[in-house]
Amino acid sequence: MGNYSLSQGNHKSVAMIFFRTAIYVILIITAIYFLIPLLIMIFTSLKSMDDIRTGNLISLPREISFDAWKSAWDSSCIGVTCEGIKGYFWNSMKITVPAVLISTFIGAANGYVFSKWKFRGSEVLFSILLLGCFIPFQIILLPMAKMLGTIGLAQTIQGLILVHIIYGLAFTTLFFRNFYVTIPQDLVNAAKIDGAGFFRIFFKIMLPVSIPIFVVCIIWQTTQIWNDFLFGVVFSSGETQPVTVALNNLVNTSTGVKKYNVDMAAAIIAALPTLAVYIIAGKYFLRGLTAGSVKG
Amino acid sequence: MASLTIENVKKQFGTVEVLKDISIDIAHGEFLVLVGPSGCGKSTLLNLIAGLETISSGTIKIGDRDVTSIAPKDRDIAMVFQSYALYPNMNVRKNISFGLETRKIPKPQIEQQVTKVAAMLQIESLLDRKPAQLSGGQRQRVAMGRALARDPSIFLFDEPLSNLDAKLRVEMRAEIKMLHQKVGTTIVYVTHDQIEAMTLADRIAIMKDGVLEQFGMPREIYNNPASMFVAGFIGSPSMNFISGEIIEHDGELQFPLDAQNGERCHMPLKDLCVNPHTLAKRTVVLGIRPEQISAFSSTDQGNSSVYKLTCPVQITEPTGPDTLVFVQINNQKTTCRIHPDKAVLPGESMALGFDLSKAILFDPKTEKRIH
Ligand SMILES: Nc1ncnc2c1ncn2[C@@H]1O[C@H](COP(=O)(O)OP(=O)(O)OP(=O)(O)O)[C@@H](O)[C@H]1O
Ligand SMILES: [Mg+2]
């Protein structure tokens, strides 16, 4: 009996180890598969043009050089100006930071109202707002261009910020509303009885427990807005373009030879901020902050 | 401190009527317990008193002030929630002081108040902890502390003990009673536990399906229940309901008790209700509490309200102070509360004394009391 169960146990653990190993092997292979393009980008960006011409795509750089990065940042030609992508990078910052913060904050306030201060017709209003998540952005390009023109924000950074805030609201409101419905109504009721009003409850009770959803929302919005190409290319021009549009123009500027190393460096620079947001904000992605407020 | 007057209050959620014409009136300093089975509308009524739900019709007065359409914060109430609802992001000290800060009370006074409440509830050592780091009983105290820190006209408690274990519940029950005696503030307390209701209340309001079944003092409700629902709800083990058909015997109307072993006894109806003749040939329900059926003894011999019937015992359940003995009367299971020394073994027969002085009659159709 003892022997039997022992051999059974062995059998089981051998199968388990085999299974585990198989899973790890598959995971490692897929990870490498997806990392290779990134590695090629990094290697290429660190090579000189000679190196690129003589070597092959996946070979290591013979000599590490940051010239391509420097050139991509402040001297490569985009269209007729040759000042690199730095100006456009800052444009993207100036667009993304306020657009993310404002749309997230308004989303939080909207979510608070739609979950905790329901009024006659609030459900209908919320459903209509949700439609915003499903509207393809191409549809609204023309009317939006006309509207921006009317209010005098055409081709400006402020105009782009406004567009991103408006089209982010559907998502941010949805995020916060769905988060706040899970917070017990009794918490709000307790605060009401403690004498707190609409804003005091929002700032003192709801916002402090909202960190997880803030992080989700900020990651989502930053990625959306920083990576946006369509609005950037349509609603801005020249000086005010975001980095995504500039990157496209840099790669497509056809004077002289194609500088792959500069293209790659510029592409990595353009992708860095979203990467940074994932790495930094991910740490604060705390769960269970509301644990213990309510029994059960 | 203030009285509370609830007049013809109704509450609808959509088309569903959750509270049907509730009227309750208590004097200041009284302890009112709202009791009833789950879903009968206790929390809803409490929320109406607090102003957290809007009233469909009727009025609520606190003291002389009509608060029917006044915001919760202006009603001068404090509430302990069924779920405690402690603010998760604040420590215990902050949880208690939040309401005082909101009301712009000066800092030193707030500190003094928090210290006082913490001492009263013995939670001084917990003041810097977050709610997540507290046990159920400790959270319960903090929730209570948050209410006590203020000095409201009325305290509202929504099943504050329902999630505690049995021992802690008994302790906290006693503490709440002491607290009420100390602070003397009017309290409305919701529970579905009839023992809590009986032990704490000055007045009990028993509700069922949104209807106020009976409102009165605990003894009054225990001794003179208005319906079978109230009689069965209050008291443990609950009242025996024995139905039987009224017969004419020895020239008077009588209620028969049949032990199913050839033994019978007959109780004169005139001792059970005011107008016996209206009940001729009808089936009625006799309500008699287990403690009114005991071992028949020689001292009962001369007592005209005690009737003797010898019944075969089916099951016994010793509880310690008493033994519950189950017998069949009129073919219905009947519980008797017997002194442990007097109880016999299952299968044996036992002489039981039925004390009619507190037995009552119910109409089986309406389930209301027949006076
Ligand atoms: N917001 C609401 N919308 C619709 N129906 C509701 C709402 N709140 C409560 N009800 C209904 O009203 C009835 C009474 O609910 P209430 O919470 O007052 O019961 P309760 O007596 O407190 O029960 P428990 O002992 O389980 O807490 C229930 O049938 C419930 O389904
Ligand atoms: Mg309830």
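The paragraphs below lead through a predicted model, beginning with the overall build of chain B and moving on to its ligands, its contacts with chain A and some details of its backbone.

Chain B has 371 residues, of which 52% count as buried, and its secondary structure consists of eight helices and 22 strands. Along the principal axes, the C-alpha atoms of this chain fill a box of roughly 80 × 45 × 35 Å. Among the contacts in chain B with a separation of 6 or more, 66% are between residues 24 or more positions apart. The accessible surface of the chain comes to about 16,300 Å², and carbon and sulfur atoms account for 48% of this area.

The magnesium ion, ligand 2, is a good place to look next. Two side-chain oxygens coordinate this ion, OG of Ser43(B) and OE1 of Gln82(B), at 1.9 to 2.7 Å. Ser43(B) belongs to helix H1 (residues 42-50) of chain B, whereas Gln82(B) sits in the loop between strand E6 (77-80) and helix H2 (92-102), so the pair ties together parts of the chain that are 39 residues apart in sequence. Neither residue is fully covered by protein: Ser43(B) counts as partly exposed because its relative accessibility is 23%, and Gln82(B), at 29%, is likewise partly exposed.

Both of these residues also take part in the surroundings of ligand 1, where the shell consists of Phe13(B), Val18(B), Ser38(B), Gly39(B), Cys40(B), Gly41(B), Lys42(B), Ser43(B), Thr44(B), Gln82(B) and Glu159(B). Sorted by class, this shell has three nonpolar, six polar and two charged residues, and the element that gives the most to it is H1(B), with three residues. Several polar approaches to oxygen atoms of ligand 1 can be followed in the model. A polar backbone atom of Cys40(B) is 3.3 Å from an oxygen atom of the ligand, and for a polar backbone atom of Gly41(B) the corresponding distance is 3.0 Å. Glu159(B), by contrast, takes part through its side chain, in which an N or O atom is 3.0 Å from an oxygen atom of ligand 1. Taken alone, ligand 1 exposes 640 Å², and the protein buries 57% of that.

From here the path leads to chain A and its helix H8. Seven of the nine residues of this helix (residues 185-193) are buried, so H8(A) is largely enclosed by the rest of the structure. The buried residues are Leu187(A), Val188(A), Asn189(A), Ala190(A), Ala191(A), Lys192(A) and Ile193(A). Their cover comes from both chains, since it includes helix H4 (86-116) and helix H9 (198-206) of chain A together with H1, E6, H2 and helix H4 (136-148) of chain B. After H8(A) comes Gly195(A), whose phi is positive, near 95°.

Gly195(A) appears again in the surroundings of Thr102(B), a residue of helix H2 of chain B. Leaving aside neighbours within four places in sequence, Thr102(B) is in contact with Asp194(A), Gly195(A), Ala196(A) and Arg200(A). With Arg200(A) there is also a polar contact of 2.9 Å between the two side chains. Thr102(B) counts as buried because its relative accessible area is 13%, and the limit for that class is under 20%.

Elsewhere in chain A, Gln241(A) occupies the loop between helix H11 (230-235) and helix H12 (243-252). Gln241(A) is buried at 11% relative accessibility, and its contacts beyond four places in sequence are with Tyr88(A), Asn91(A), Ser236(A) and Asn249(A).

Back in chain B, Asp258(B) is found in strand E13 (residues 252-258), and its side chain reaches the backbone nitrogen of Gln260(B) at 2.8 Å. Not counting residues up to four places away in sequence, Asp258(B) touches Glu263(B), Arg264(B), Gln328(B), Ile329(B) and Asn330(B).

Some backbone details of chain B remain. The peptide bond from Ser236(B) to Pro237(B) is cis, with omega near -5°, and Pro237(B) lies in the loop between helix H8 (228-233) and strand E11 (240-245). Asp76(B), although not a glycine, has a positive phi of about 60°; this residue is in the loop between strand E5 (65-66) and E6 and is partly exposed, with a relative accessible area of 33%. Asp209(B), also not a glycine, has a positive phi of about 50°, and its place is the loop between strand E9 (203-208) and strand E10 (211-216), where it counts as exposed at 52% relative accessibility.

Terms used: Residues numbered from 1 in each chain as written. Chains lettered and ligands numbered in written order. Predicted model: local features only at pLDDT ≥ 70, side-chain atom pairs only at ≥ 80, totals over all residues. Heavy atoms only, no water. Donors = N, O, S within 2.8 Å, 3.2 Å for Na, K, Ca; no water. Helix = DSSP H or I, 4+ residues; strand = E, 2+ residues; numbered from the N terminus. Buried < 20%, exposed > 50% of the residue type's maximum accessible area, 1.4 Å probe, protein only. Near = heavy atom within 4 Å. Polar contact = N/O pair within 3.5 Å; in protein donor to acceptor, adjacent residues only side chain to side chain. Areas by Shrake-Rupley, 256 points an atom, 1.4 Å probe, with all protein chains shown as cover. Nonpolar A, V, L, I, M, F, W, Y, C, P; charged D, E, K, R; others polar. Contact = heavy atoms within 4.5 Å.
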